[in-house]
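Let's read a structure together, one feature at a time. Have the sequence and the 3D view open as the questions come up.

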Amino acid sequence: TSNERLLIKGGRVVNDDQSFYADVYVEDGVIKQVGENLVVPGGVRVVEAEGRMVIPGGIDTNTCLNKAYLDSPPVDDFYQGTKAALAGGTTMIIDHVTPQPGTSLLQVFEQWQEVADRKCCCDYSLHVDIPQWDEGVKDELEVLVQEKGINSFQVYMAYKDLFQMTDTQLYEAFSFLSNLGAVVLVHAENGDLIAQEQKKILEMGITGPEGHPLSRPEELEAEAVFRAITIGNRVNCPVYITRVMSKSAADTLTQARRKGCVVFGEPLTASLATDGSHYWNRNWAKAAACVTSPPLSPDPTTPQHLHTLLACGDLQVVGSGHCAYSTAQKAIGKDNFTLIPEGTNGLEERMGFVWDRAAALGKMDENQFVAVTSTNAAKIFNLYPRKGRIAVGSDADIVIWDPDRIKTITAKLQQSALEYNIFEGMECRGVPVLVVSQGRVVYEDDKLNVQQGTGRFIPRKPFPDHAYQRINTRNKVIGRQAVSRGVYDGPVYDVPSTPKYITPAPSAKTSPTTQQPPPIRNLHQSNFSLSGAQVDDNVPRRSGHRIIAPPGGRSNITSLG
Amino acid sequence: MFFSTVNTAFQWKREKNDKLIIKGGKIVNDDQSFYADIYIEDGTIKQIGENLIVPSGVKTVDAYGHIVIPGGIDVNTSLQAPHMGMSPADDFYHGTRAALAGGTTMIIDHVVPEPGASLLAAFDQWRDTADKRSCCDYSLHIDITRWHEGMFEELETLVKDHGVNSFLVYMAYKDKYQSSDSQMYEIFSILRDLGAIAQVHAENGDIIDEEQKKLLDLGITGPEGHVLSHSEEVETEAVYRAITIAKQANCPLYVTKVMSKPAADVVAKARKKGMVVYGEPITASLGTDGSHYWSKNWAKAAAFVMSPPLSPDPATPDYLNSMLSCGDLQVTASAHCTFSTAQKAVGKDNFTFIPEGTNGIEERMSIVWDKAVATGKMDENEFVAVTSTNAAKIFNLYPRKGRIAVGSDADLVIWNTKETKTFSAKSHNLTVEMNIFEGMECRGFPVVVISQGRIILEGEKLDVMEGSGRFVPRKAFPDYVYKRIKARSRMAEARGVPRGNYDGPVHDVISMTKSVPPTPTTRGPSCPGKTTAGPARNLHQSGFTLSGTQMDDHIPRRTAQRIVAPPGGRSNITSLS
C-alpha cells in the first residue's frame, strides 16, 4: 500500500497553459499538493523525476477494444488494450460502444461496461455509436445522457445500408442530441459514393487492400466533413469529427472554425505517423494491416500537415482509433477488400509520435503537446479538471515523460497482441519513463505492473462548457422572427382542386406532435403567432427584436406600384 | 459577286431584311475588338471587313458610336414548366419577346417532366409549344426529375437523335425531384459516357425540408421563411457535394443558379484544383439581394421567392460580378420563371407553396454591363464571353452562336454603352405586374437587335414574329468541356497490385453470423449485364484479372503499367517481419 502515497520530486510540471518546477504529492489516487518543499507524511514513496517533464496522463478518445467483426472480437480487448495504453503514457481511454442495428443501445452499453469493468487497467469512459436513427432510440439516448454518464454519441455517414444515416436523419439526430447537451461524433465519409466506387473497383478485378483507398478517396472524406459541419451549424450543435485522415478533410474543418462553427477534429496516431502508400505493399498482410476508415491518405505529406494543424490549434485532439484484428482475421477479406475488418493499432504509440513529429521538431511546444494529448479531450468531453491537468484535486493520472529517449517501434516489444505493427521499425523520440494511474505506479523501467479490473468507469455530464457555452449563447441570440405584415387580401390564383403535381409540402412522417399547416389557403391561420403583433400594430419595434426591415418595406400589402 | 441567287423567290418573301449591312460599329468578340462592317444574308454573316462589296438595295444599319456584339444566350429559362398546375405567366412567346428586347437572341429552356413521366414525351411537348410560340432560336435542357434505370435509353435517344446534351439533376425538392448521392453518381457516369453535361440544382433538400418544418412550427409563414429555410450554407454544401460526385464520376458539372458568395467560392476553389466545373450566376443574384424578403409588402417579398434564394448579404452582387470578371464564374443566365402575384399568393399563408421564380430575361445583359463593365471590373470582351460565348462553347453551339464571324448565325446586337435605361414593371415586356429590379437604372442597353438576320428591335420598336424561333440541336461531347474529361478517362485507370495468393491462416467465420459485413450494397442493379462480386470469400476469383501477372511472375514491370509500388513492398506474402 506504499503506492497509495507518492511524492514526485524534482520534475517540471507541464500543463496545457504553463510549465513550472514543482513536486507533486499524491494520496488516495488524488493529487493533494503541488509545490516546492511540500510537507508530506513519512513512509511515502518518493519518485525522482530528475528534471524531466511531469505531465497529465494521456487521454485516448477513440478506441475500439470490444468491437467484434463477424462475431470475432479484436485481439486487443480491454485488458490488452489498456495495458498498451499505459505503456504509452495514456491513463484513460474512451471506447466506442458499437451496437448493431436493431439492438438496444442501453443493453449493449451495459454489456460493454460489464466487460470493461472486469478487464480495464486504467480509467475509461464510453462513447455510444448510434447504428440507426429511429424514434425508439431517443428514449435510450435520454437515459444514457441523464442516468448513465454518456455525453457523446457517434453517427455514421458511411457504411451504406448498415449504419449510414441520411441527411434528414442526421439533422434530427443533431437536433435531438444538442438538446440533450451531448457532443456529436461523426464518422465522416460519403457512404453512397463509397458503395459505388467499391462496386466499380471490384468489377475492375481489383480485390486487394489497394482497393480500399481507391474506393475511399479523400474527397469523399472532405465532402462528408463539409456536410456534417453544415448540418451541425444549421442545428447549432457541436460536431466532433473523429478520424481526420487527410489534408483536405482537415482544411475543411479549419475553414469552418474560421467561420465560427463549433467543430473539433481528431487526427489519429496512424494519420499522424504514416501514410497510405503501404496499401500497395506486395505483402498482403502488411497492406491489409493498414486498412482502416477513412483510409490513410496516399499523400506522403499528410502527417506533416496534420501535425501543423494540431500545433496551431486547428485540430484539437489526438486519438488512436485503436482496433486490432489479427492477420488471420484480416484475411477474411483476402479475396475482397471490402470484407477486410477495419482498424489499426496506435494506442501505445500515440503520445510518442506526437512528441517525435511535432514537439521534438519545434512545431509544437510542450504545453500544446499536453493540450492535444490530454487536456483538450478532457475539456470537450467534460472530464476537466478531474482529468487532463496536474492540479490539486485532480486525479493522480500522471506521466513522467522523457523527451529525449528514443524507442524503436516493433511488434516484438509491444503490449498489443497484434503480430504486426503498422509503425514497425520507426524510431520515436519521447517516451514515458514512469506512469501513475489512480495514484499507483503502473509502469516503470519498461515494466508494467497492472491489475485487470482496476479501471473505473468515469461518467461524463452533458453540456460540457468547452463545447456548449457558445452553443447556449447562440441559441439565445438567434431568435427567428416573422415579419409582421397585414393579411394579403389581393387576388389569389385558383389552383385546380386535384393538382396532378405533388406539392412540396413538408412531409409529416417525422414530427407527429407538431401541428402541420394544412395545404393551401387556411384563412384561420395568421402570421402572428410569434411576434404578437396585430394588423394595425404600428408601434415601433422594441430593440430586443431582431427584425431586419430592408429599405422599401411597406405595411400596405396589396398595392403594387 | 460570289453569293448565289438561287433562293431569290424565298428571299423576296422574307423582305429586304434578309440582306443587311451594319456599318461603322466596333465589333466585340470574346477575344478581341475591331472596327469593321458586317454583311448579312440568309440569316448568316457573310462578310466582315471594311469597304465590303454588297448587292444594291441592301438595308444599312448605322452602328456608329456603338459596339456590335454577338446576341446574348440565356441558358436558363423556364417558360413552360408548370408549378402545382400553374403555368408561368411568361410563356415562350412573352419570354422570348422580352429576351429579344434585352439583347438576348437565344435561350435554352428547361424541360421539366413530371416525376416518373417519359423524358421524350415531355421533350416533344416542349418542342411543340416552343416551335409555335418562340420568337428567337432556342434549345432545351432536360431535367431528370426522378431517376430510374430504364431512363438510360431515353437519355441515349435524346443525346444521339434529338440534339440535347445537357441534363439537370436536383439535389433539393425532397420527395419530389431530389436525387440521392448514389443516383447522382449513376446519372453522372451515364452522362459522361454519352458526352453530355450534368447540371445541378444545388441545395440540400433534406436540410431545407427540416428547416421549413421548424419555421412553420415557429409560426413564420411569410416569404422571409423561404430565405431562412434555404440558407447559403445549404446551397454551399450541395455545390461542394455535387463537385465531389462529379469528380468521382469524371463528369463535367455545371452549377445552375449560383446565388451566394460561399457557393461561388466553392466553385472557384474546385476549378483551381482542376475540376471541370462551371458556375452560372443569374440576373437576380447579380443585380439585387435578398433583403427584400423582409419587405412589409407581401407581394413584393413574394416576387423574390426563388431557389436557391437571393442572399440577404448585400455584398453578394458585387462579389459575384467580380468572380464573373476574373473567370471564376463563366456564364450568366436569368433563370427567368415568372408567376403573377395572384399565382404567388397561393402561398400567402405558407411560404412553401409560393411558386418559385423571378424575372430577369430582359434585364440580364444590361445588369452585367452596368454592374461589371461600367464599373471597370470587366472589359467588353469578357462581357461578350459571359453573356454569350462561354455558354455557346460549353453547350456546343460555338461558333454558330456566340461569335461574330463569317459563317456564324446573324444574331447580333448593337449595344449602346453610354446611356441609361430604367427598369420598371410599367415598361417591361413581360406580363407580370412585378419587376424585382423596379426602378433600377442601368447603363448599357441594346439599340438594335438582329435575330436570324432580321431586325427585331430598332430604337424603341419591337417587331417579333411568333413561331419564327428554330430549335437548335446540340451535339454531344462539346470540345470545350470534354477534351479534358477524355484525357482524364484515359489516365485514370486504377490498377491492382500483383501479389501472390495469401496463403496464411484465415480466421474461420462462423457460418451463421448475425451481423452483416459492410459490403457494397446490391440494391439497384446499376450496371445490368455486369457481374457483381460475391458477398463473402470467393475462391474462384483471383486478384489478377486486370494486370495479367501470375504468382511467380518476377519479370520487371512494363512501363506502360501504372503500378505504384511503395518502398518495402515484397512479393513474399505471409512473413511479417
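**Reading the model**

Chain B has 16 helices and 18 strands, where helices (H or I, at least four residues) and strands (E, at least two) are DSSP runs numbered from the N terminus. This is a predicted model, in which local features need pLDDT of at least 70 and side-chain atom pairs count only at pLDDT 80 or more, while totals for chains, interfaces and linings use all residues. Residues are numbered from 1 along each chain as its sequence is written, chains are lettered from A and ligands numbered from 1 in the order in which they are written, and side-chain values use heavy atoms, with hydrogens and water left out.

Q: What share of the residues in chain B is buried?

A: Start with the cut-offs: buried means under 20% relative accessible area, exposed over 50%, and partly exposed in between (1.4 Å probe, protein chains only). Of the 577 residues in chain B, 62% are buried.

Q: And among contacts in chain B between residues at least 6 apart in sequence, what percentage join residues at least 24 apart?

A: A contact means heavy atoms within 4.5 Å. In chain B, 77% of the contacts between residues at least 6 apart join residues at least 24 apart.

Q: How do I read a cavity, and how many of 30 Å³ or more are found in the whole structure?

A: Rolling a probe the size of a water molecule over the atoms shows where empty space is left. On a 1 Å grid over the protein atoms alone, a cavity is a set of points where a 1.4 Å probe fits but cannot get out, and lining residues have an atom within 4 Å of a point. Grid points are joined across faces, edges and corners, and a volume is the space filled by probe spheres set on the points. Here the search of the whole structure gives 11 cavities of 30 Å³ or more, and the largest has a volume of about 640 Å³. Its lining has 39 residues, and those closest to its centre are H83(B), Y170(B), Y173(B), Y177(B) and E356(B).

Q: Which elements give two or more residues to the lining of the largest cavity?

A: They are β11 (166–170), α6 (205–218) and β13 (253–258) of chain B. The largest share, 4 residues, comes from α6(B). By class, the lining has 19 nonpolar, 13 polar and 7 charged residues; here Ala, Val, Leu, Ile, Met, Phe, Trp, Tyr, Cys and Pro count as nonpolar, Asp, Glu, Lys and Arg as charged, and the others, Gly among them, as polar.

Q: In what order do the strands of the open sheet in chain B run?

A: Two strands pair if DSSP finds at least two bridges between them. The open sheet has 7 strands in the order β3-β2-β7-β15-β16-β17-β18 (chain B), with mixed pairing. Its edge strands, each pairing on one side only, are β3 (33–35) and β18 (461–462) of chain B. At the β18(B) edge, 2 bridges join this strand to β17 (residues 454–458) of chain B, and the two run antiparallel. There, L457(B) has L462(B) as its bridge partner.

Q: In chain A, which strand does β5 (residues 53–56) pair with in the parallel sense?

A: β5(A) pairs that way with β1 (residues 5–14) of chain A, over 2 bridges, and V13(A) stands opposite V54(A). β5(A) is also joined by 4 bridges to β13 (residues 398–408) of chain A, running antiparallel, with I55(A) opposite V399(A).

Q: What should I look for in the backbone angles?

A: Most residues other than glycine have a negative phi, and most peptide bonds are trans. In this model, the bond from Y384(A) to P385(A) is cis, with omega near 0 degrees, and P385(A) is in the loop between α14 (366–380) and β13 of chain A. The bond from Y398(B) to P399(B) is cis too, with omega near 0 degrees, and P399(B) is in the loop between α15 and β15 (412–422) of chain B.

Q: Is A335(B) buried or exposed?

A: A335(B) counts as buried because its relative accessibility is 7%. Its phi is positive, near 50 degrees, and its place is in the loop between α12 (316–325) and α13 (341–344) of chain B. D71(A) has a positive phi near 70 degrees, and counts as partly exposed because its relative accessibility is 38%.

Notes:
On a 1 Å grid over the protein atoms alone, a cavity is a set of points where a 1.4 Å probe fits but cannot get out, and a pocket is an open set with protein on both sides within 12 Å along at least five of seven lines; lining residues have an atom within 4 Å of a point.
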